[in-house]
Amino acid sequence: MRRTSSEGLMDCKMLPINNNHGAGVAMIMGPNFLARKNYQQSSPEDLALATMLVRPGNLFMEDPVMKDASLLTDTNYGSVKKVYVVAKADGSSTEEMQRWMVLLSPGTEAEEIAGADHAIMSSRPRELCDALVKIADSLNTC
C-alpha cells in the first residue's frame, strides 16, 4: 500500500477504524478499481457480484503485530510450507511485487497462472484447481 499512488487507488475510499490494536485505516474498493485492477479478466457476472459484496478491509499498516520482524523467521513462520500463486495478469499487484512478497516469506514456493487477474478463482478457476492439485500432490508426504 505504501508504494501505491493515490491515482492508482482510483475510486477506492479510505475509512478510519478502531480495533483492539488501536486506530487504523480500512479501504473500500470502488467499482472502477474492481473492474480495472482486480476483475479485469473475470466475467461481468463475477465483477457485478464482487461489486455488491464489497466490505471495508483493514490495511494493517499501523498494526504492531505486522511490524514485528521476529515473526517472519525460518523457525516461526518459515517452518510451515507455503505456496504463493502468482497471478500473471493481476492489475492491482505487479508480478514483480508478487515475487517480492514471496521472497519476504521464508520457505515459500511460487506457482504461476497466466492470464489470471487478482481474483484467480473467478478469472481462471480450472487453472487454479489444477495448480492447487499440483501443490497438494507435491506436499503429500504420506
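This report describes the secondary structure, strand pairing and helix packing of one protein chain.

The structure is a predicted model, in which local features need pLDDT of at least 70, side-chain atom pairs count only at pLDDT 80 or more, and totals for chains, interfaces and linings use all residues. Residues are numbered from 1 along each chain as its sequence is written, and side-chain values use heavy atoms, with hydrogens and water left out.

**Overall arrangement**

The protein has five helices and five strands, where helices (H or I, at least four residues) and strands (E, at least two) are DSSP runs numbered from the N terminus. Read from the N terminus on, these elements follow the order β-β-α-α-β-β-α-β-α-α. Taken along the principal axes, the box filled by the C-alpha atoms is roughly 45 × 40 × 25 Å.

**Strand pairing**

Strands of a sheet pair through backbone hydrogen bonds, either parallel or antiparallel. Here two strands are taken to pair if DSSP finds at least two bridges between them. An open sheet is formed by three strands in the order 1-2-3, with antiparallel pairing; strand 1 (13-19) and strand 3 (57-58) are its edge strands, each pairing on one side only. Strand 1 and strand 2 make a hairpin that has two residues between them. Within this hairpin, Lys13 lies opposite Ile28 of strand 2, and Ile17 lies opposite Gly24 of strand 2. On the pairing with strand 3, Ala26 faces Asn58.

The bridges of the strand pairs are listed below.

| Strand pair | Bridges | Direction |
|---|---|---|
| Strand 1 and strand 2 (residues 22-28) | Seven bridges | antiparallel |
| Strand 2 and strand 3 | Two bridges | antiparallel |
| Strand 4 (residues 82-87) and strand 5 (residues 108-113) | Six bridges | parallel |

In the parallel pair, Tyr84 has Ala110 of strand 5 as its bridge partner, while Ala87 is bridged to Ile113 of strand 5. Together with helix 3 (residues 95-104), strand 4 and strand 5 make a right-handed β-α-β unit, a crossover being right-handed if, with the strands pointing away from the viewer, the path from the first strand over the helix to the second runs clockwise.

**Helix packing**

The axes of helix 1 (residues 31-38) and helix 2 (residues 44-52) come within 10 Å and cross at roughly 140 degrees; axes are lines fitted to C-alpha atoms, for helices over the stretch in contact, and angles run from 0 to 180 degrees between N-to-C directions. Helix 1 and helix 2 are therefore oblique to each other, since angles under 35 degrees count as roughly parallel, over 145 as roughly antiparallel, 65 to 115 as roughly perpendicular and the rest as oblique. The contact (heavy atoms within 4.5 Å) is made by Pro31, Leu34 and Ala35 of helix 1 and by Leu47, Ala50 and Thr51 of helix 2.
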